[in-house]
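Work through the exercises below with the sequence and the model side by side, trying each task before reading its solution.

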Amino acid sequence: MKHDNVIRILFIEDSVEDAELLINVLRNGGVAVRPARATDAEGIQASLDELVPDLVLMNPDVAGVEPTAVMRQLNASGRDLALIAIVDTLRDDAVAELIAAGCRGVAPRGRPDQILAITEREFESLSTRRQVRRLETSLRETERRCDSLLDSSRDAIAYVHEGMHVRVNQAYLEAFGFAEMDDILGLPILDLIAGTHADAFKATLRSLSKGDKSPPPVELLARRDDGSTFTSLVEFAHATFEGETCLQIVFRQQIVDAALVAQLQRDPVTGLFNRARTLEHVDEAVAAAAAGREGQAVLLIEPDNWRDIVTSAGIGNADPLLAAIAARIAESIDEDDVAGVLGDHTLGLVLSPRGDLEHAALTERLRTAISEHIFDAGSRSLTVTITIGGTLLAEKNANSDTVLHQASAALRNAQNQGGNRVELHDPSAREKADAEREQYWLDLVRDALSKDGLRLYHQQIISLQDAAGEFYEILVRMRGPKGDVLPSYFFAVAERNGLLPAIDRWVLGHAIDALMHRENDGMTTTYFVKMTQQSLEDRDLLPWLCRRLEAAQLRRSTLVIEMPESKVLTSLRPTQEFVSGWRKAGGKFGIEQFGSGLNSFQILSHIEADYLKIDRNFMTDLPQHPENQKKIAEICKEGHVSGKQTIAEWVEDAVSTSLLFACGVDFVQGNFLQEPAKVLAEEYMPV
């Protein structure tokens with residue numbers, strides 16, 4: 001594949017030699033490369049600002065640079081960039097993690113052909129996305145120009161859908177004697193055809209609605225709104241309007257006044273650009289953003305409490321007051337900025353490129369320029385405040401509808417907060433907020449691990465078969481600013497940052513300490529403790545667990561480690577090795593969410609499990625689902641044959657408990673039976 005343009009590529013590599021090898025691979029394949037190299041977040045940001053890359057090729061093993069963090073940094077730039085990972089070896093789990101982190105492709109370092117193919121594919125994809133944005137902008141611009149040409153046409157033109165007017169030009173209104181567009185929209189076009197030609201005209205419409213070819217021009221008698229008639233040559237053509245198929249019908253008779261055409265771009269009240277021309281400027285700015293121009297912004301401005309102001313000043317003073325506000329705003333912007341009217345009292349600004357801080361300073365200057373000015377409204381003097389909502393333009397939001405929606409949402413949000421304020425939407429704000437939220441929770445997790453800020457909870461598991469001893473599910477919580485926090489809030493952050501093994505170790509170690517306390521008090525206890533998939537990669541975990549278990553010298557108590565069926569299946573060999581060593585040390589193993597797969601019992605030919613915790617989905621409205629009762633009974637029967645005990649969690653009511661007993665379930669668990677309770681800290685302090 002031959003590229004006409006140079007591809008700008010940022011290489012995230014520790015070694016200059018490795019980066020040069022990749023550059024040579026691409027150049028030998030006929031790809032012109034303009035490279036840059038970075039090894040840390042600061043270098044990446046500098047390259048994003050200076051090189052403005054198209055692609056980023058990353059070595060995931062670079063110290064201190066995680067793919068997820070790089071992807072967040074790329075997203076925060078507001079540009080459409082493709083991230084490709086270059087790895088030493090392809091492993092299924094590693095590839096899955098990289099794709100989940102946002103990489104668009106993964107290539108092995110030892111396969112130059114694959115590196116070249118993926119790079120070319122991603123650049124083609126990027127080029128296509130950019131081209132689609134440009135085409136969308138061009139299409140909108142073309143439609144806008146066609147709309148302007150329609151209004152300036154000398155011929156009377158109408159767009160008709162199912163026999164009704166949906167759009168007409170000024171010449172059409174004048175030809176048929178209508179004053180306003182609203183007077184004709186939705187009016188049947190047959191109402192404007194003289195009775196002598198109505199049947200023939202109706203037949204033509206019916207034929208065209210079936211998709212027939214447009215007929216030659218037809219001369220007929222048209223009827224004005226006042227009942228008078230005129231002869232016109234009518235042409236028909238198939239067209240679309242706002243995405244709907246319709247007919248374009250041209251009545252060749254009237255000529256648009258030249259003076260009217262000259263005034264089309266200006267609003268008669270404010271003297272600013274009218275809505276059509278302002279929207280054209282928005283489209284032009286969006287097209288420039290799609291082509292890579294940065295720093296533009298679109299603003300919407302509305303006076304606060306406009307209805308009350310009009311009521312107070314008098315409706316006759318409304319237009320002069322709006323014109324004075326518009327003039328004040330026009331004086332406060334630069335020559336390269338564009339001001340126009342987008343609604344009854346909504347002004348629109350398209351700001352030329354500036355920095356974010358300069359945009360903020362300008363919008364604040366606009367707000368104060370109005371609020372500090374005294375306006376004359378007839379015999380009265382009054383002050384006015386305005387609210388400004390807007391959006392910064394970037395490649396990622398380079399779509400006119402999207403830009404106007406974001407600016408409108410920012411305006412309404414600022415108004416809902418009381419008005420007389422400015423709110424600017426940043427296209428990369430979500431990524432920045434996500435990054436801040438991620439860092440907040442990450443700091444909390446790290447602090448909890450370093451300062452013993454985790455807490456043990458337990459939930460009783462009740463035996464339906466009178467098994468000896470007490471059984472509990474061990475759960476973990478984290479101390480937060482407002483109380484203990486559920487794992488759903490911090491586990492995902494911990495997983496993305498490789499902290500789950502540390503949490504698992506804390507829970508397992510303290511669970512063993514708690515078992516020792518209970519055994520010293522003469523109790524026989526079985527604890528079920530969840531372990532995450534990441535811990536299987538910790539080669540030191542099993543020896544550490546075995547040492548802890550041996551030191552505890554538990555005689556009557558048991559520790560059962562649990563893992564979900566889906567995780568066991570995706571890490572079958574490491575799970576098999578771990579379970580084998582764990583059971584030899586005296587521990588037991590349970591499989592959670594059992595029964596969720598197509599053939600769950602197949603897994604038991606590879607993994608020696610002691611407990612099967614039945615998938616919770618079977619428990620939802622169990623009395624109303626006999627098919628779930630049957631499935632649970634089958635799991636229990638087959639499990640008992642192979643010496644496994646079964647547990648049903650998330651049990652919701654007494655009826656379900658009775659049904660589970662009838663199915664042969666050994667244990668039940670759920671908030672209906674007992675909600676999780678805090679394990680007192682002294683119960684899991686080292687003995």
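**Exercise 1. Locate Asp-621 and describe its backbone and its exposure.**

Asp-621 is found in the loop between strand E24 (611-614) and helix H20 (626-641), where helices (H or I, at least four residues) and strands (E, at least two) are DSSP runs numbered from the N terminus. Before going on, note that this is a predicted model, in which local features need pLDDT of at least 70 and side-chain atom pairs count only at pLDDT 80 or more, while totals for chains, interfaces and linings use all residues. Residues are numbered from 1 along each chain as its sequence is written, and side-chain values use heavy atoms, with hydrogens and water left out. The next step is the backbone: phi of Asp-621 is near 50°, a positive value in a residue other than glycine. As for exposure, Asp-621 has a relative accessible area of 39% and is partly exposed; buried means under 20% relative accessible area, exposed over 50%, and partly exposed in between (1.4 Å probe, protein chains only).

**Exercise 2. Describe Asn-420 in the same steps.**

The place of Asn-420 is in the loop between helix H13 (400-416) and strand E17 (422-425). Its phi is near 55°, a positive value in a residue other than glycine, and at 30% relative accessibility Asn-420 counts as partly exposed.

**Exercise 3. Is Glu-649 buried or exposed, and which residues is it in contact with?**

Start with the position: Glu-649 lies in the loop between strand E25 (645-648) and helix H21 (654-663). With a relative accessible area of 4%, Glu-649 is buried. Leaving aside neighbours within four places in sequence, Glu-649 is in contact (heavy atoms within 4.5 Å) with Lys-613, Ile-614, Arg-616, Met-619 and Gln-669.

**Exercise 4. Work out which residues of helix H10 are buried and what they pack against.**

In H10 (residues 306-313), the buried residues are Trp-306, Ile-309, Val-310 and Ala-313. Seen down the axis of H10, they fall within an arc of 100°, so they line one face of the helix; the arc is that of the directions from the helix axis to the C-beta atoms. On the other side of H10, Arg-307, Asp-308 and Thr-311 are exposed. The buried residues of H10 pack against strand E11 (297-303), helix H11 (318-332), strand E14 (374-377) and strand E15 (380-383). Finally, H10 is followed by Gly-314, whose phi is positive, near 100°.

**Exercise 5. Explain why strand E21 is largely enclosed, and find the strands with which it pairs.**

Of the 6 residues of E21 (residues 525-530), 5 are buried, so this strand is largely enclosed by the rest of the structure. Turning to the pairing, two strands pair if DSSP finds at least two bridges between them. Strand E19 (residues 470-480) and E21 pair in the parallel sense over 5 bridges, and the bridge partner of Tyr-472 is Tyr-527 in E21. E21 also pairs in the parallel sense with strand E22 (residues 558-564), over 5 bridges, where Tyr-527 stands opposite Leu-559 in E22.

**Exercise 6. Give the order of the open sheet that contains E7 and E8, and name its edge strands.**

The open sheet is formed by 5 strands in the order E7-E6-E10-E9-E8, and the pairing is antiparallel. Its edge strands are E7 (164-168) and E8 (218-223), each of which pairs on one side only. Within this sheet, strand E6 (residues 156-161) and E7 pair in the antiparallel sense over 4 bridges, and the bridge partner of Ala-158 is Val-168 in E7.
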